[in-house]
Amino acid sequence: MIMKTFYSLFLLIAAISFTACTGASLEEEGANEHSLFESVKQMYGMEMVSLATTGAKDIPSVTLEEMQSVLRSLRANVGVVKTCVTVSSTHTAREQIEEKKIRMSEDYRAATRSGSCLEEFSLQVDLCFTVDYGQLYYRGTDYTSSSYLFSWRGNGLSLSVDKSLGGKAYAFESVSYLYFKVKDEGNCLVRVPVTFAGNYDFETAQGTYSFRV
C-alpha cells in the first residue's frame, strides 16, 4: 500500500513538472517571437496601422518569417541603380501632344532562411506625363505588384527640376508602403516604407532610379 501511494505521488509530481516545463516553453517561444517582431520593426522602420484602414480586408495575412523574407530580399538590392525605360510615346493627330510613361521595375525573390523560395515578385512604378506643345505635365503614378504576401500602396511623388543635368531633366522621389497582416502578432496590420528615387531627362530620354527600404 505504501509503495502504491509512493508510486502515485511520483507520477503526480512528474506530471506537474512536465506541465510546468511545457508551459514555460510555450511562454518562452511566444516571448522570442515577439522579441523578433520588435527587432524587425526597428530594423525596417515598420509602423503599426489601424485595422480600419481602407482596403484592410484585402491585405494578405502572413507569418513573421514570410514578412521577413520579403524585407530581406528588398534590403539585399539596396543601392542598385537601374536605367529608366520609356514604355510609351503617343502622338495625337495634331502631333503636338505626347503621352509618356517612365517605367521603373525591380525583380525580387522571397525565400526562407533555409533557401526555399516562397515567391518571386516585382515592384513596378510608372510615372505618367503629357508633353503639350513643349510644356511638361505630370499626370500621376501607377504602382503595380502581384504578390500573395503583401499589398503595395503609393503615397504621392516629389518632382523637381534637376539643374545639375540641364535641359529638361527632373529628379523624383516617392515613399510607398508594403502592407502586411502578421499572424504571429494577432493578425495586426503593419506597413513598411519603400522609397524609390531617380532622375529623367526628357531631351535625351534617359534616366536612372533605385529602390530603398
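Let's start with disulfides: searching the whole structure turns up zero of them. This is a predicted model, by the way, so please hear everything that follows in that light. Two cysteines are still worth a look while we are here. Cys 117 is partly exposed, with a relative accessibility of 39%. Cys 128, on the other hand, counts as buried, at 5%.

Now let me step back to the chain as a whole. We have two helices and twelve strands. If you follow the sequence along, the order reads α-β-β-α-β-β-β-β-β-β-β-β-β-β. Of the 213 residues in the protein chain, 36% are buried. The chain exposes about 12,300 Å², and 53% of that comes from carbon and sulfur atoms. For those of you who like contact statistics, take the contacts between residues at least 6 apart in sequence: 59% of them join residues at least 24 apart.

On to the strand I would like you to find on the screen, β10. Strand β10 spans residues 169-182. How many of its 14 residues are buried? Ten of them are, so this strand is mostly covered. As a general reminder, side chains in a regular strand alternate between the two faces of the sheet.

Which strands does β10 pair with? Let me go through some partners. Strand β11, residues 188-201, runs antiparallel to β10, and 14 bridges join the two. One of the pairs there is Ala 169 with its bridge partner Asp 201 in β11. The hairpin of β10 and β11 has five residues between the strands, and Gly 186 takes a positive phi near 70° in it.

Strand β9, residues 158-161, also pairs with β10 in the antiparallel sense, over four bridges. Here you can look for Leu 159, whose bridge partner in β10 is Phe 172. Strand β8, residues 151-153, is antiparallel to β10 too, with three bridges. In that pairing, Ser 151 stands opposite Tyr 179 of β10.

Then there is strand β2, residues 61-62, which pairs with β10 in the parallel sense over two bridges. Val 62 has Val 182 as its bridge partner in β10.

Last topic, the salt bridges. The count comes to six, and I will show you three, beginning with Arg 103 and Asp 126. Their side chains meet with an N to O distance of 2.8 Å. Arg 103 sits in strand β5 (residues 97-111) and Asp 126 in strand β6 (residues 117-132), so this salt bridge ties together parts that are 23 residues apart in sequence. What about cover at the two ends? Arg 103 is partly exposed, at 27% relative accessibility, whereas Asp 126 is buried, with a relative accessible area of 4%.

The second one pairs Lys 100 with Glu 98, and their closest N and O atoms are 3.6 Å apart. Is Lys 100 buried or exposed? Lys 100 has a relative accessible area of 13%, and the cut-off for buried is under 20%, so this lysine counts as buried.

The third salt bridge joins the side chains of Lys 57 and Asp 58, at 3.4 Å from N to O. Both Lys 57 and Asp 58 are exposed, so if you turn to that pair after Lys 100, you go from a buried lysine to an exposed one.

That's my tour; thanks for listening, everyone!

Definitions and conventions:
Residues are numbered from 1 along each chain as its sequence is written. This is a predicted model: local features need pLDDT of at least 70, side-chain atom pairs count only at pLDDT 80 or more; totals for chains, interfaces and linings use all residues. Side-chain values use heavy atoms; hydrogens and water are left out. A salt bridge is a side-chain nitrogen of Lys or Arg within 4 Å of a carboxyl oxygen of Asp or Glu. Buried means under 20% relative accessible area, exposed over 50%, partly exposed in between (1.4 Å probe, protein chains only). A disulfide is a pair of cysteine sulfur atoms within 2.5 Å. Two strands pair if DSSP finds at least two bridges between them. Contact means heavy atoms within 4.5 Å. Accessible areas come from the Shrake-Rupley method with a 1.4 Å probe; for residues, only the protein chains shown count as cover.
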